[in-house]
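This briefing goes through one protein structure by topic. Look over the sequence and the 3D view before reading the points below.

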Amino acid sequence: MQRQGAGITITQHILKQQRENPVATGAFTTLLNELIVAAKVISREVNKAGLVDILGSTGKINVQEEKVQKLDVFSNQIIIERMQHIGQLWCMGSEEDPDLIDIPPRFPKGDYILVFDPLDGSSNIDVNVSIGTIFGIYKRKSISSGSEPLLDDILQPGINQVAAGYFIYGSSTIMVYTTGKNTGVHGFTLFPSLGEFLLSHESIRIPEQGKIYSVNEGYHSYWDEKTRALVNHFKNSGKKTGHSYTARYVGSLVADFHRNLLKGGIFMYPADSKDPKKPTGKLRLMVEANPLAMVIKEAGGYASDGHGPILDIDPTELHQRVPLYIGSKKDVELAEAFISGKRTESS
Ligand code: AHM
Ligand code: MG
């Protein structure tokens, strides 16, 4: 067993990657490091959420007559406050903010763009189930796009991301990230006593085919026939093909994704007719699907909207929603075959 103190810290790892990649600059390292600090603060607050009266709706007053802040609102503020002053960001986009987040004029601007979901899985916050922070990093499209950031600067396909990853606040806090270009997907576990993330999962690869399917089957009656046929396939596949699946659904994307990344399988949030305003399902392309799609691709898996790669979608809105099929390559390709109508239950 590795002794504490002998591990590689996340900072060492980022610096090593920077040395190996001649185009990477200290600016990028600064950016990631500051994001890690923000995540450590969030992790601390998540861990003590059961102990202090931090839970509840924004605007409520707790017993100390302090304003109670929802943990997801708090996480959003921490990330914005920590990231806006470092001089590396052109602008940000968050699940919690309707518009792009500008860098206040008192701080210098940089060329990177950070998109994030500060605390994903909000329905699980109050019940001690794993939640997470998801992030994607882009470079600004063109230096000639003026002095003020425009929505167009953020609206880039996921394939343009220069890094992406997530923090999962679970039985321990883990950061998983990739800088793409075959540099691998790496996981780091936070040692609370050291205050450091240490390398715990090097070069993660997802199995080509898994045994887990993750979907909210409560929406069965809101799915179309193709989606139902697909999910039926996962349920009946054992008897038909000998390759059986088991169902796992936490309801926190980061937790479901992380488990499937390590064990293999598919996570699905299909289009449904539950809410006519969200006929494409619930998950957001920019802050949820794209970062995880970059991670899964780098780990040897695949992410699709049912018709093609998530990473190729040209976004038109910051909060655009998208059906998501993500995980082991063979499982996601199978999902695509059903959703595109190339395959039916009986074929
Ligand atoms: P949130 O960003 O408001 O927390 O919503 C996203 C979450 C994901 O973590 C999870 O995969 C999904 O919502 C679960 O939704 P549902 O309860 O509809 O199955
Ligand atoms: Mg979310």
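How many helices and strands does the protein have? There are eight helices and 12 strands. The model is predicted, and the values below were computed from it. The points cover the chain in general, the metal ion, ligand 1, the aromatic pairs, one helix and two single residues.

**The chain in general**

- The protein has 347 residues, and buried residues make up 53% of them.
- Among contacts with a separation of 6 or more, 63% are between residues 24 or more positions apart.
- About 15,800 Å² of the protein is exposed, and carbon and sulfur atoms supply 50% of that area.

**The magnesium ion (ligand 2)**

- Which residues are the protein donors of the magnesium ion? They are Glu-95 (OE), Asp-117 (OD), Asp-120 (OD) and Glu-288 (OE), and they lie 1.9 to 2.4 Å from the ion.
- Along the chain, the donors of the magnesium ion follow the spacing E-x21-D-x2-D-x167-E.
- Glu-95 lies in the loop between strand E1 (89-94) and strand E2 (112-120), while Asp-117 lies in strand E2, so this pair ties together parts that are 22 residues apart in sequence.
- Is Asp-117 buried or exposed? Asp-117 counts as buried because its relative accessibility is 0%, and the cut-off for buried is under 20%.

**Ligand 1**

- Ligand 1 is surrounded by 17 residues. The closest are Asp-120, Tyr-219, Tyr-249, Leu-253 and Tyr-269.
- Asp-120 is thus listed with ligand 1 and is also a donor of the magnesium ion.
- Tyr-219 has a polar side-chain atom 2.5 Å from an oxygen atom of ligand 1.
- In the side chain of Lys-282, an N or O atom is 2.8 Å from an oxygen atom of ligand 1.
- Glu-288, a donor of the magnesium ion, has a polar side-chain atom 3.2 Å from an oxygen atom of ligand 1.
- On its own, ligand 1 has 470 Å² of accessible area, and the protein covers 88% of it.

**Aromatic pairs**

- How many aromatic pairs does a search of the whole structure find? The search finds nine.
- One of them joins Phe-135 and Phe-167: the ring centres are 5.8 Å apart and the planes are at 40°, so the pair is tilted.
- Phe-135 is in strand E3 (residues 131-139) and Phe-167 is in strand E4 (residues 163-169), so to speak of this pair is to speak of a link between distant parts of the chain, 32 residues apart.
- Both Phe-135 and Phe-167 are buried.
- Tyr-177 and Phe-188 form another tilted pair, with 6.0 Å centre to centre and 40° between the planes.
- This second pair links Tyr-177 in strand E5 (residues 173-178) with Phe-188 in strand E6 (residues 185-191), 11 residues apart.
- Tyr-177 and Phe-188 are both buried.
- Phe-135, Phe-167 and Phe-197 are linked into a cluster by ring pairs.

**Helix H8**

- Helix H8 (residues 329-339) is mostly covered, with eight of its 11 residues buried.
- The buried residues in H8 are Asp-331, Val-332, Leu-334, Ala-335, Glu-336, Ala-337, Phe-338 and Ile-339.
- What do the buried residues of H8 pack against? They pack against helix H5 (225-241), strand E10 (266-269), strand E11 (302-304) and strand E12 (324-327).
- Gly-341, just after H8, takes a positive phi of about 85°.

**Two single residues**

- Glu-34 is found in helix H2 (residues 26-47). Its relative accessible area is 13%, so Glu-34 is buried.
- Leaving aside neighbours within four places in sequence, Glu-34 is in contact with Arg-82, Met-83, His-85 and Ile-86.
- Lys-109 lies in the loop between E1 and E2. Its relative accessible area is 31%, so Lys-109 is partly exposed.
- Not counting residues up to four places away in sequence, Lys-109 touches Gly-87, Leu-89, Trp-90, Asp-102, Ile-103, Ser-147, Glu-148 and Pro-149.
- One of these is Ser-147. Lys-109 and Ser-147 are 38 residues apart in sequence, and their C-alpha atoms are 9.6 Å apart in space.

Notes:
Residues numbered from 1 in each chain as written. Chains lettered and ligands numbered in written order. Predicted model: local features only at pLDDT ≥ 70, side-chain atom pairs only at ≥ 80, totals over all residues. Heavy atoms only, no water. Donors = N, O, S within 2.8 Å, 3.2 Å for Na, K, Ca; no water. Helix = DSSP H or I, 4+ residues; strand = E, 2+ residues; numbered from the N terminus. Buried < 20%, exposed > 50% of the residue type's maximum accessible area, 1.4 Å probe, protein only. Contact = heavy atoms within 4.5 Å. Areas by Shrake-Rupley, 256 points an atom, 1.4 Å probe, with all protein chains shown as cover. Near = heavy atom within 4 Å. Polar contact = N/O pair within 3.5 Å; in protein donor to acceptor, adjacent residues only side chain to side chain. Phe/Tyr/Trp six-rings, centres within 6.5 Å; stacked < 30°, edge-to-face > 60°.
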